[in-house]
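Dear colleague,

I am handing over a structure that you have not worked with before, and I would be glad if you could look through it alongside the notes in this email.

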Amino acid sequence: MKIVTVGTGMAAAEFVQQLRLGGFSGDIVMYSEEPHAPYSPCVIPYLLAGEPPDNVYWKGRDFYERYRVAARLGEKVEEIDREAGKLRTVAGRVETYDRLFYAAGSRSWFPRPEWLEVEGVFGFKTLSDMQAIDGYIRNHEVQRAVVVGGGFIGIDAALALRHRGLQVSLVHCHDRLLERMTDADAGRFATARLKERSGIAFYMQAEVEALDTDHGQLQRAWLHNGTAIEAPLLIVATGFVPNSGPLTSDQRGVTVGDDLLADPRILAAGDVAVTRHALGGPDGLYATAPNAIAQARVAAANVLGSREVYAGSLNANVLRKHIDFPVISAGQFEGEPVTFTDGRLFRRVYLRDGRIKGYILAGDTRLSGYIYNLYVSREAVAGKIAAILADTRGESYYRSLMELAPAAISC
Ligand SMILES: Cc1cc2nc3c(=O)[nH]c(=O)nc-3n(C[C@H](O)[C@H](O)[C@H](O)COP(=O)(O)OP(=O)(O)OC[C@H]3O[C@@H](n4cnc5c(N)ncnc54)[C@H](O)[C@@H]3O)c2cc1C
């Protein structure tokens, strides 16, 4: 059997590794439009901040040799012919497959694609983006930058640049940051703390309307209200679209079942896959590394013949790189809110039928593991959750263990 992957990212690398570890000895061909060994985009903000690239190649630089893969790097797949079981690249190469693993991820969405023509404007999605930004900062001795977009990725990028010593402005269209991973109260709280602590200049309810250039190079960004921000570097982090085009001819993602099959010969996983939510949320694109890896493992097991069922995705997000003020959330912000705040911390869970439907923790990570476990286990917590949230020492988990086994713990 010949297996072909579209993508060499987190999902595809995990899939191939699991196949080889599971004894698959057939041909594997991997396509990537980028020239790299498999890497983790999660590490890119650390690289941008100037930190050592220790674990960016998370499965080793020798991945393709080690797992006996024919790597077709720098080759973009343009079209997939499902009937014929073959793909075609932009350069015209045609490749047949017995099974296709489609894990093409997502790409930055640009509100104004023409900005990409301007020297100094970048997306923030790939290792290639990061290398281009890094080279530009070094070559032009860049001291100031603008980031457009106050979601998770935009803030990650802004914090990384700030950590590197640049003066950073962040322009966001909403009245609060992180509006997708928080509710209104938590979002306002997180916004206020980030304004106080990050050293970033925030321009809220603002949009970049025009760019000034000199010989094609960015000089300043103009906001819709007439404010000019002087900076030769602008990073656009206004969202992602799934790279589903070659398979679905649209940009809505690839819908898969719990076996990760999109059709009898094609499996899909990662940021491009539309999956079921594990705990009753809507079907959707749940673009995180743990989801991509879990999906890839189930897909590999199924190719190897074990008939595994994907348990569904979680929308769990953590903002904590380069800031001592983490923001963590998961689930749906629906139901009865139970809140603890002391000015430094904001903790809220939403209860439905006495169980956690969603939660937001801002300010520290002490309860994050415990609350996550209570959420995924669907434990009834109505009677104790207020006390857990008010625990500022992080002891509630250990206290819960003592309630379960007092004799064992006390001796
Ligand atoms: C800056 C940043 C920080 C992040 N931080 C976190 C984090 O802290 N925690 C977390 O859980 N998640 C994080 N994520 C998300 C996480 O990286 C993704 O969910 C994960 O990488 C998804 O894996 P994937 O294999 O679907 O996509 P990717 O890893 O993006 O891989 C996609 C692959 O497809 C290839 N490709 C695309 N189109 C084509 C084509 N037409 N032809 C050939 N090849 C193609 C690409 O070259 C690439 O190899 C972050 C993402 C970014 C961008």
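Below are notes on the ligand and its surroundings, followed by notes on the domains.

Please bear in mind that this is a predicted model, in which local features need pLDDT of at least 70 and side-chain atom pairs count only at pLDDT 80 or more, while totals for chains, interfaces and linings use all residues. Residues are numbered from 1 along each chain as its sequence is written, and side-chain values use heavy atoms, with hydrogens and water left out.

The ligand is surrounded by 31 residues (a residue counts if one of its heavy atoms lies within 4 Å of the ligand), and the closest are Ala-11, Val-77, Asp-271, Ala-289 and Lys-321. This shell divides into 16 nonpolar, eight polar and seven charged residues, with Ala, Val, Leu, Ile, Met, Phe, Trp, Tyr, Cys and Pro counted as nonpolar, Asp, Glu, Lys and Arg as charged, and the others, Gly among them, as polar. An oxygen atom of the ligand is 2.7 Å from an N or O atom in the side chain of Asp-271, and for the side chain of Ser-32 the corresponding distance is 2.9 Å.

The protein is divided into domain 1 (2-107 + 240-303), domain 2 (110-236) and domain 3 (326-410), with bounds from an automatic or database domain assignment. The shell around the ligand draws at least three residues from each of domain 1 and domain 2. Ten residues of domain 2 are in contact with 13 residues of domain 3, where contact means heavy atoms within 4.5 Å, and 34 Å separate the centres of these two domains, taken over C-alpha atoms.

With kind regards

Conventions: Polar contact = N/O pair within 3.5 Å; in protein donor to acceptor, adjacent residues only side chain to side chain.
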